[in-house]
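Dear colleague,

Please find below the structure that I am handing over to you, followed by an account of what was found in it. I would be grateful if you could read the text with the coordinates open beside you.

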Amino acid sequence: MRDEDLLQATSYRDRISTVTKSGERNWVYAAQPAGKWYNYRKILAYSYMLVFVILPFIKVNGLPFLMINIPAGRFILFSKIFWPQDFYIFAIAMITFIIFIVLFTVVFGRLFCGWVCPQTIFMEFIFRPIEWLIEGKPGQQKKINAGEWSMKTIFKKAVKHYLYLLISFAIANIFLSYIISVDELVKIIKEPIDQHYVLLFGLIFFTLLFYGVFAFVRDLVCTTICPYGRLQGVMFDKDTMQIAYDYKRGEPRGKFKKHAERTDGDCIDCLKCIDVCPTGIDIRDGLQMECIGCTACMDACDKMMEAVDLPKGLIRYASENKISKGHPFRFNGRMIAYTILLSVLFLIMTFLVITRKTVDTIISRVKGQMYQEVPGDKISDLYEAKILNKTKQAMPITLKVEEFHGEIKLIGIKQIILAPENITKVDFFLEVPKSELPHRSNKIKIDVFYGDDKIQTVKTKFLGPFK
Ligand code: SF4
Ligand code: SF4
């Protein structure tokens, strides 16, 4: 191919489909897809929405199944409370998740965007269907937006935007219930509004944010804002599965003529694949950053192939190597490396979650306090313990010292009872026989017992007289 031809053929890469040459927004009027893949996506999308709505209501042992209270630094996952002290588990989980997404993208392309991403799910299965229902097919929508607004148009627009706002408000409420729990949300709704201005502001903010995204920003989220979308280019290789147009079979494209012998390729240039594309691209130009892997063009093309009695799959899931060289799918070196890394991280994370402590204790000598000599030829040091109980139940615990015949004497209390989901402060004296202390500063271990179970061992220092 000559350089000018190559430049011409790839000029679509110099711009994005949703922006005109003069820099204005190119509004996408996508047609409703129909077909096998759209039906699969519908099932997944509505199941996913159902899970999104009911998950905040699910509780195990009185705790929500999932709660992510970022402002309070409190997270509940699988009904287990995680505190800021457990942040390292979250950090590992985030890294594992990112590697998983990278591996997934290297192998399956933007499958996440098309099938699972909330932006696509809500846009394509709630907001856009409402638009089709109220304003009609893309042609009718274009007409409405281009012409003078009649009372009927204003009514249609008002109904659509009212529904959009209502649904955005519902999503914002569900979203909030993941942060503060559904019980707290219901309590706040019942209480006078002037006690919860901050939350009200949050609700209004998120409602307007969702409304703005789904009513106006739309595909720009996927093509311009989302960092994951922007990273696709560096993650894809020629073995990545993607939604691909089989240019070997399709080109040269040419219109379908009934009863005439076909000398062109299989693409009948009907443009149906472009009509249904929610990001407004022509998949026949090749892999593009804007493609969210939604399968709409696959369904549209299959339908046309069926109608003209040609084999389906002109647009299908395939790697570039499969289309250009006929290579079957292979797990290449990069994929193997990511898989090993992911497995190791997953094992580390499982280990950390399983061995995660329900009680976290910090013990330190009270600063500025000297040791004391006490009756029985013993030395006594003053300590302060801060004990975090991560569970929902009050926990009676005992502190013991197994070395040096140490004895703990609590100050002001007889028994340590840890308040649920709280930090309990305890002061105590630790007495050790003088004769057993080998040094002035001695390392000592204090064990924390819950019943007969030793749940933690804390290392600290015990100071005595010079030897
Ligand atoms: S090119 Fe096809 S798969 Fe990609 S976004 Fe458009 S319709 Fe969806
Ligand atoms: S839908 Fe299929 S046949 Fe029609 S233009 Fe697209 S690729 Fe060609």
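Around ligand 1 there are 13 residues, of which Cys277, Cys291, Ile292, Cys294 and Cys297 come nearest. By class, this shell comprises 10 nonpolar, three polar and no charged residues. Please bear in mind throughout that the model is a predicted one.

Ligand 2 is surrounded by Tyr245, Cys267, Ile268, Asp269, Cys270, Leu271, Cys273, Arg284, Cys301, Met305 and Ile315. Nine residues of the shell around ligand 2 are nonpolar, none is polar and two are charged.

I turn next to the salt bridges, of which the structure holds 23. One of them joins the side chains of Arg25 and Asp219, with an N to O distance of 3.8 Å. Because Arg25 belongs to the loop between α1 (3–9) and α2 (36–54), and Asp219 to helix α10 (residues 219–225), this pair ties together parts that are 194 residues apart in sequence. Arg25 is partly exposed, at a relative accessible area of 32%, whereas Asp219 is buried, at 6%.

A second pair is Asp183 and Lys59, whose closest N and O atoms are 2.3 Å apart. Asp183 lies in helix α8 (residues 182–190) and Lys59 in strand β1 (residues 59–60), so their salt bridge ties together parts that are 124 residues apart in sequence. Asp183 is partly exposed, with 43% relative accessibility; Lys59 is also partly exposed, with 39%.

Asp246 and Arg316 form a further salt bridge, with 3.0 Å between the closest N and O atoms. Here the loop between β6 (242–245) and α12 (247–250) supplies Asp246, and strand β7 (residues 315–318) supplies Arg316, so the pair ties together parts that are 70 residues apart in sequence. Asp246 counts as buried, at 9% relative accessibility, while Arg316 counts as partly exposed, at 24%. In addition, Glu131, Glu135, Lys157, Lys160 and Arg218 are joined into one network by salt bridges that share partners.

The sheets may be described as follows. One open sheet has three strands in the order β3-β4-β5, paired antiparallel. Its edge strands, β3 (66–69) and β5 (80–82), each pair on one side only. On average, and with direction ignored, neighbouring strands of this sheet are turned by 25 degrees against each other. Strands β3 and β4 are joined by four bridges, and Met67 stands opposite Ile76 in β4. The hairpin of these two strands has four residues between them, and Gly73 takes a positive phi near 65 degrees there.

Strand β4 (residues 74–77) pairs with β5 over three bridges. In β5, Lys80 is the bridge partner of Leu77, and Ile81 is that of Ile76. Two residues separate the strands in the hairpin of β4 and β5, where Phe78 takes a positive phi near 50 degrees.

Another open sheet contains four strands in the order β13-β11-β15-β16, with antiparallel pairing. Since β13 (416–418) and β16 (453–463) stand at the edges with a single partner strand each, one side of each is left without a neighbour in the sheet. The twist from one strand to the next averages 30 degrees. Three bridges connect β11 (residues 395–400) with β13 in the antiparallel sense, and Ile416 in β13 is the bridge partner of Ile397.

With kind regards

Definitions and conventions:
Residues numbered from 1 in each chain as written. Chains lettered and ligands numbered in written order. Predicted model: local features only at pLDDT ≥ 70, side-chain atom pairs only at ≥ 80, totals over all residues. Heavy atoms only, no water. Pairing = 2+ DSSP bridges. Axes fitted to C-alpha atoms, helices over the stretch in contact; angles between N-to-C directions. Near = heavy atom within 4 Å. Nonpolar A, V, L, I, M, F, W, Y, C, P; charged D, E, K, R; others polar. Salt bridge = Lys/Arg side-chain N within 4 Å of Asp/Glu carboxyl O. Buried < 20%, exposed > 50% of the residue type's maximum accessible area, 1.4 Å probe, protein only.
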